[in-house]
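This report introduces a structure to a reader who has not met it before. It takes up a pair of packed helices, then the sheets, and finally a few individual residues.

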Amino acid sequence: MDVSKRAKVLIQAMPYIKKYSGETIVVKYGGNAMINEELKAAVMSDLVLMQLVGVNVVLVHGGGPEINAMLKAVGKESKFINGMRVTDKETIDIVQMVLAGKVNKSLVQLLGSHGGKAIGLCGLDGRMLMAEKLVTGADLGYVGEIKEVNPEPLNNALASGYIPIVSTVAGGYDGNVYNINADIAASQIAAKIGAKKLILMTDIRGLLRDVHDEDSLIPVVNVSEVPMLKRDGIISGGMIPKIDCCVEAVRSGVNRAHIIDGRIEHSILLELFSDEGIGTMFY
């Protein structure tokens, strides 16, 4: 890129930097962007840049592949029902160890190595996430439904200049620990802390009109259109819970929610600081 084009990029970013400086943005981190080393480095750089220009960032992460690997290492089979992990007593101990331990602290270390200030938290810290057992048709074990979000630990971290990195295990009112879907946790955290944006990183471009055609991206969706898109089969399968999280966030006061392609380097910056944006925006 020549010097003039570089200057145009910076000029284009300036109004967005002004717009989001001092605002809070919640990023749900997962998928290939959490596995591929180059993409991981790009995400960390994006978060550090956001922090440097005054954006308050909360990073909420999953860790499914790492949990699967640990279960396999101890000779335990990973079981899923309707895309949700069956979490017995032994499994929730491993989930807590992997998410709140290995994955969370590795991300804190990685962000720090890129020049950022991060602090690792989980839903148990400060009773940030309180949950009850999720009741569905099948017994999923220690899978929880969030009933309460305490924003104080997050607000304290942000006020001290840190990026809170949150793993989604929650405390139960019954004294148990519960596994929480990271998309749902990110959505509810964003609503509770008054985030300007919720960004869900995925391994697809966004909402596609035709799942077999990546050029059929729908860039903007009003949440009132979602029931119709479900009836038409455009929103189906694994996209339903992700989009439901976006709808819930917007209806709970989050200004915009986005599903973006984490396979693209610096996709967060492209969404925040460019005219074109990326992925699908819900408002």
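Helix α2 passes helix α4 in a right-handed crossing. The model in which this crossing is described is a predicted one.

**The packing of α2 and α4**

Two packed helices are described by the angle between their axes and the distance between the axes. Helix α2 covers residues 37–52, and its axis lies 9 Å from that of α4, at an angle of about 65 degrees. Because angles of 65 to 115 degrees count as roughly perpendicular, α2 is placed roughly perpendicular to α4. On the α2 side, the residues that meet the partner helix are Lys40, Met44, Leu47 and Val48, and on the α4 side they are Leu107, Leu110 and Leu111. By character, the residues of this contact divide into six nonpolar, no polar and one charged.

**The sheet of four strands**

Strands of a sheet pair through backbone hydrogen bonds, either parallel or antiparallel. One open sheet of the model consists of four strands in the order β7-β6-β9-β10, and its pairing is mixed. Its edge strands are β7 (144–149) and β10 (177–179), each of which pairs on one side only. From one strand to the next, the twist averages 50 degrees.

Strand β9, residues 169–172, pairs with β10 in the antiparallel sense over three bridges. In this pairing, Ala170 stands opposite Tyr178 in β10. Helix α4, which spans residues 89–113, packs on the sheet and touches β9 and β10; the direction of α4 makes about 75 degrees with that of β10. Helix α6 (residues 182–192) lies across β6 (129–133) and β7, and runs at about 10 degrees to β7.

**The sheet of eight strands**

Another open sheet has eight strands, in the order β5-β8-β2-β1-β11-β13-β14-β12, again with mixed pairing. Here the edge strands are β5 (118–122) and β12, each pairing on one side only. Within this sheet, β11 and strand β13 (residues 256–261) pair in the parallel sense over six bridges. Lys197 stands opposite Arg256 in β13.

**Residues in loops**

The loop between β11 (197–202) and β12 (220–221) holds Leu217. Which residues does Leu217 contact, leaving aside its neighbours within four places in sequence? They are Arg205, Gly206, Leu207, Leu208, Gly279 and Thr280. Ile278 is 61 residues from Leu217 along the chain, and the C-alpha atoms of the two are separated by 9.8 Å.

Most residues other than glycine have a negative phi, and most peptide bonds are trans. Two residues with a positive phi are set out below, although neither is a glycine.

| Residue | Phi | Loop | Relative accessible area |
|---|---|---|---|
| Arg127 | about 50 degrees | between β5 and β6 | 53% |
| His266 | about 60 degrees | between β13 and α9 (267–273) | 31% |

Exposed residues are those over 50% relative accessible area, so Arg127, at 53%, counts as exposed. His266, with 31%, is partly exposed. Arg127 belongs to the loop that joins β5 to β6, while His266 is found in the loop between β13 and α9.

Notes. Residues numbered from 1 in each chain as written. Predicted model: local features only at pLDDT ≥ 70, side-chain atom pairs only at ≥ 80, totals over all residues. Heavy atoms only, no water. Pairing = 2+ DSSP bridges. Helix = DSSP H or I, 4+ residues; strand = E, 2+ residues; numbered from the N terminus. Axes fitted to C-alpha atoms, helices over the stretch in contact; angles between N-to-C directions. Contact = heavy atoms within 4.5 Å. Parallel < 35°, antiparallel > 145°, perpendicular 65-115°, else oblique. Left-handed = near helix turned anticlockwise from the far one by under 90°. Nonpolar A, V, L, I, M, F, W, Y, C, P; charged D, E, K, R; others polar. Buried < 20%, exposed > 50% of the residue type's maximum accessible area, 1.4 Å probe, protein only.
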